[in-house]
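Let's take a walk through this fold, one piece at a time. Keep the viewer open and turn the model as you read.

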Amino acid sequence: MSSGWSSLVLKNFNEAASTYNGQARLQRAVAWRLAKHCAKQQIPEGLWVDLGSGTGLMANALETCIPQRTVFRVDGCSEMLKLHHRHRPSQLWDLNLGLPPLPGLPTLLVSSFALHWLSNPQDQLKEWLAALAPGGLLALALPVHGSFPQWHHAAAAAGVACSAMPLPSQSSLLDALPRHCIRYQQLHHFTQQSAEVFSLLRPMRQMGAQSSPYPALGVANWRRLAQAWPSHQKDGVAELTWLIQLLLIQR
Ligand SMILES: C[S@@+](CC[C@H](N)C(=O)[O-])C[C@H]1O[C@@H](n2cnc3c(N)ncnc32)[C@H](O)[C@@H]1O
């Protein structure tokens with residue numbers, strides 16, 4: 001995807017910075033889970049960096065789980081970076097340009113809910129791994145292909161386009177990595193529920209995560225989509241399932 005895509009993604013996240021934390025329950029839970037996995041690893045002394053740090057949920061969870069460590073935060077949105085704790089080092093940077101100049105050799109690169117927004121996740125993944133100090137750790141969490149089955153099903157049933165953001169497949173990520181470097185990999189299913197389909201999808205906009213390479217659906221098509229949502233034909237509770245890939249990779 002192009003630099004126009006990067007600008008759109010960053011514009012939407014910038015505009016949603018003030019409402020992000022209020023909606024990011026899944027992102028917060030996943031950040032804690034990944035931070036706890038990192039806390040169990042032997043990570044050499046050195047620079048720790050959160051790539052696509054947003055408002056700091058991941059970096060903050062890491063600093064809480066592993067005290068005495070300060071995490072350097074990198075994001076392409078100035079409004080997101082403004083919400084970080086004062087005195088935390090940060091860098092405004094478009095990660096589609098590769099890694100920014102860093103103040104040292106990283107021994108931990110962590111990234112949660114960010115890699116899939118980049119134009120070429122596989123290439124970024126390889127670059128991030130190669131940038132680590134020997135023995136360093138790359139810790140990742142991101143949604144992967146297979147997420148949102150209810151949305152895809154409803155779109156097909158309603159005969160409208162599915163405008164969900166395309167996600168990298170689990171295998172495309174694993175194929176980009178030398179097998180012997182993978183310390184942990186797990187696919188987690190998280191299902192959100194609501195009485196109303198739009199209550200499942202609205203938070204994405206309030207978090208700035210509504211960017212899609214597909215044309216926007218009109219109001220009539222959104223209504224058809226909601227009516228075709230699978231659970232609406234059962235007990236009236238709508239569900240949205242995320243597949244979240246967790247990965248720990250050691251250089
Ligand atoms: C869904 S948020 C996740 C934020 C945080 N890691 C968390 O778990 O809450 C995605 C973040 O990736 C950042 N991002 C997306 N594309 C980016 C790019 N090209 N360069 C730098 N940051 C980017 C956005 O600005 C946003 O803060």
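Start at helix α9, residues 197-206, where the buried residues are Val197, Leu200, Leu201 and Pro203. Around the axis they cover an arc of only 155 degrees, which puts them on the same side of α9. If you look for what covers those buried residues, you'll find α2 (17-23), β6 (182-194), α10 and β7 among the elements that do so. Past the end of α9 comes Gly208, with a positive phi near 85 degrees. Do keep in mind that this is a predicted model.

Val197 also gives you a handle on another spot. Gly236 lies 39 residues from Val197 along the chain, and their C-alpha atoms are 9.7 Å apart. You'll find Gly236 in the loop that links α10 (219-227) to β7 (238-250). Is Gly236 buried or exposed? It has 9 other C-beta atoms within 10 Å, and a residue with 12 or fewer counts as exposed, so Gly236 is exposed.

Now move over to helix α7, residues 149-158. Its buried residues are Trp151, Ala154 and Ala155. Look down the axis of α7 and they fall within an arc of 100 degrees, so they line one face of the helix. Here α10 and β7 turn up again, since what covers the buried residues of α7 includes both of them, just as the cover over the buried residues of α9 does. Just after α7 sits Gly159, with a positive phi of about 70 degrees.

Keep going and you reach Cys162, in the loop between α7 and α8 (170-175). Which residues does Cys162 touch, leaving aside its neighbours within four places in sequence? Those contacts are with Trp151, His152 and Ala155. Two of these names should ring a bell: Trp151 and Ala155 are among the buried residues of α7. Cys162 itself has 17 C-beta neighbours inside 10 Å; that falls between the limit of 12 or fewer for exposed and 20 or more for buried, so Cys162 counts as partly exposed. For a sense of scale, try the pair Cys162 and Ile244: they are 82 residues apart in sequence, and their C-alpha atoms are 20 Å apart.

Next, the ligand. How many residues surround it? There are 25 in that shell, and the closest are Phe13, Gly52, Gly54, Gly76 and Leu95. Helices α1 (3-15), α3 (25-39) and α4 (57-65) each supply at least two residues of the shell, and α1 has the largest share, with 4 residues. By character, the shell divides into 15 nonpolar, 8 polar and 2 charged residues.

Finally, zoom out to the whole chain. It holds 10 helices and 7 strands. The radius of gyration is 18 Å, close to the 18 Å that the globule rule gives for 251 residues, so the chain is as compact as a globular protein of that length. Along the principal axes, the C-alpha atoms fill a box of roughly 55 × 35 × 35 Å. Of the 251 residues, 35% count as buried. As for who touches whom, take the contacts with a separation of 6 or more: residues 24 or more positions apart account for 77% of them.

Definitions and conventions
Residues numbered from 1 in each chain as written. Predicted model: local features only at pLDDT ≥ 70, side-chain atom pairs only at ≥ 80, totals over all residues. Near = placed C-beta within 6 Å. Nonpolar A, V, L, I, M, F, W, Y, C, P; charged D, E, K, R; others polar. Arc of directions from axis to C-beta. Contact = placed C-beta atoms within 7 Å. Rg over C-alpha atoms; globule rule 2.2 N^0.38 Å.
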